[in-house]
Amino acid sequence: MNAEPHVAIVGATGAVGEEMLLCLEQRNFPVGKLTLLASARSAGKRIPFRGQDVIVQELTHDSFAGVDIALFSAGGGISLEFGPSAAAAGAVVIDNSSAFRMDPGVPLVVPEINPEAAKNRPKGIIANPNCTTIISLMALAPLHEQFGLKSIIASSYQAVSGSGAQGIVELEEQVKAIATGGDFTPRVYPRQIAFNVIPQVDSFTDNGYTKEELKMLNEGRKILGHDDLKVSCTCVRVPVYRSHSVSITAVFDKPVTPDAARAAFAGKPGIQVVDDTANKVFPVPLDTTGKDDCLVGRIRQNLVLDNALDLWVVGDQVRKGAALNAVQIAEIL
């Protein structure tokens, strides 16, 4: 890998693509050359980076000559079509979609948890996990290390920006319409999202769980290298602009206390304990928006299950749940 790699961003004009640029700039990533790629519709657009404008080019199969690292964030279909072309041209692909996550030949990486997995990439592709999975595992991995994780029961509270820019627009439009007595028709979500919560994120599968809910199970096992991990999850869309929250009951092999858990988090990168309930201090989405670290609080003994804790974890799903994680993977390379 060049000391100053040629970096390409596919989906450069999307929310995650823009956040990737921001992360590269803020972290002083040594970009030798930057290529921004998007659909024909966005080609020609100028995007500022380090004081200069970079012109967005149309994505084609020939876009990756000389590229060292290709950051993909344009959806699974684009990744499946163009990811192999980028890898064939010699780029290491870091893909933000679900296209390759469960491919046995593609490592699924959270740099704070399993950075060594990024080194073994037979297809030249590394997958970024699902945002809710990343945020949850940032809190669970340090505990798994010390106490041995057996099972997870979780409920997520997922921001509308998880649906892209159109999710934010839909929430804004509905709030305005309700405030002024106007009409609206939900387009992005199956039901009204303003002043409401919707217990569906992604499409339903045959067993009654959504695809999003099963990602926590399948991706969690792969990232932790823990094939026996049991997970049951309910994913809920909430009328919050940005940052996902997850309520987790975690069951361990060994006895665990809230104080032992807090000690396990000490010094771990990317996760901070914010837990002083006597002073009403606990993480909320606004605390993490635009920030790198995930926050964990409400750490308490579960009153039903043995060797179990209840936790509340919050993280910016556009940043650590997507763009930042991808840039951190690039930093490992």
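This passage walks through the fold of a single chain, from its overall form to a few individual residues.

The model described here is predicted. Its chain has eight helices and 14 strands. A compact globule of 333 residues would be expected to have a radius of gyration near 20 Å, and the chain, at 20 Å, agrees with that expectation. Along the principal axes, the C-alpha atoms fill a box of roughly 60 × 55 × 40 Å. Of the 333 residues, 51% count as buried. The contacts also reach across the sequence: among those between residues at least 6 apart, 66% join residues at least 24 apart.

The surface of the chain can be described in similar terms. About 14700 Å² is exposed, and carbon and sulfur atoms supply 51% of this area. The chain carries 30 positive and 36 negative charges, and the mean positions of these two groups are 1 Å apart.

A good place to begin with the strands is an open sheet of six, which has the order S5-S2-S1-S6-S7-S8 and parallel pairing. Its edges are formed by S5 (57-58) and S8 (125-127), each of which pairs on one side only. Within this sheet, S1 (residues 6-10) runs parallel to S2, and five bridges join the two. One position to look for is His6, which stands opposite Lys33 in S2. Strand S2 covers residues 33-38, and five of its six residues are buried, so the strand is largely enclosed by the rest of the structure. Towards the other edge, S7 (residues 92-95) and S8 are also parallel and are joined by three bridges. Here Val93 has Ile125 in S8 as its bridge partner.

Just ahead of this pairing lies Pro5, in the segment before S1. With a relative accessible area of 3%, Pro5 is buried, because residues under 20% are counted in that class. Which residues does Pro5 contact, leaving aside neighbours within four places in sequence? They are Phe29, Pro30, Val31, Gly32, Lys33, Asp68 and Ile69. Lys33 thus appears both as a contact of Pro5 and as the residue opposite His6. Pro5 and Pro30 are 25 residues apart along the chain, yet their C-alpha atoms are separated by 7.0 Å.

Antiparallel pairing is found around strand S14. This strand spans residues 308-315, and seven of its eight residues are buried, so S14 is largely enclosed by the rest of the structure. Strand S11 (residues 244-252) pairs with S14 in the antiparallel sense over eight bridges, with Val251 having Ala308 as its bridge partner in S14. Strand S13 (residues 294-301) is likewise antiparallel to S14, over five bridges, and Val296 stands opposite Val313 in S14. S13 and S14 form a hairpin with six residues between them. In the turn of this hairpin, Asn307 has a positive phi of about 50°.

Positive phi values deserve a short explanation. They stand out because most residues other than glycine have a negative phi. Besides Asn307, the backbone of Arg298 is of interest: its phi is near 50°, a positive value in a residue other than glycine. Arg298 belongs to strand S13 and is partly exposed, with a relative accessible area of 35%. Lys280 also has a positive phi, of about 55°, although it is not a glycine. Lys280 sits in the loop between strand S12 (271-273) and helix H7 (285-288). Is Lys280 buried or exposed? At 67% relative accessibility, Lys280 counts as exposed.

A final residue brings in one of the helices. Glu213 is found in helix H5, which covers residues 211-224. With a relative accessibility of 7%, Glu213 counts as buried. Beyond the residues up to four places away in sequence, Glu213 touches Cys233, Thr234 and Cys235. Its C-alpha atom is separated by 8.0 Å from that of Val201, which lies twelve residues away along the chain.

Key:
Residues numbered from 1 in each chain as written. Predicted model: local features only at pLDDT ≥ 70, side-chain atom pairs only at ≥ 80, totals over all residues. Heavy atoms only, no water. Helix = DSSP H or I, 4+ residues; strand = E, 2+ residues; numbered from the N terminus. Rg over C-alpha atoms; globule rule 2.2 N^0.38 Å. Buried < 20%, exposed > 50% of the residue type's maximum accessible area, 1.4 Å probe, protein only. Contact = heavy atoms within 4.5 Å. Areas by Shrake-Rupley, 256 points an atom, 1.4 Å probe, with all protein chains shown as cover. Lys, Arg positive; Asp, Glu negative; His and termini not counted. Charge placed at Lys NZ, Arg CZ, Asp CG, Glu CD. Pairing = 2+ DSSP bridges.
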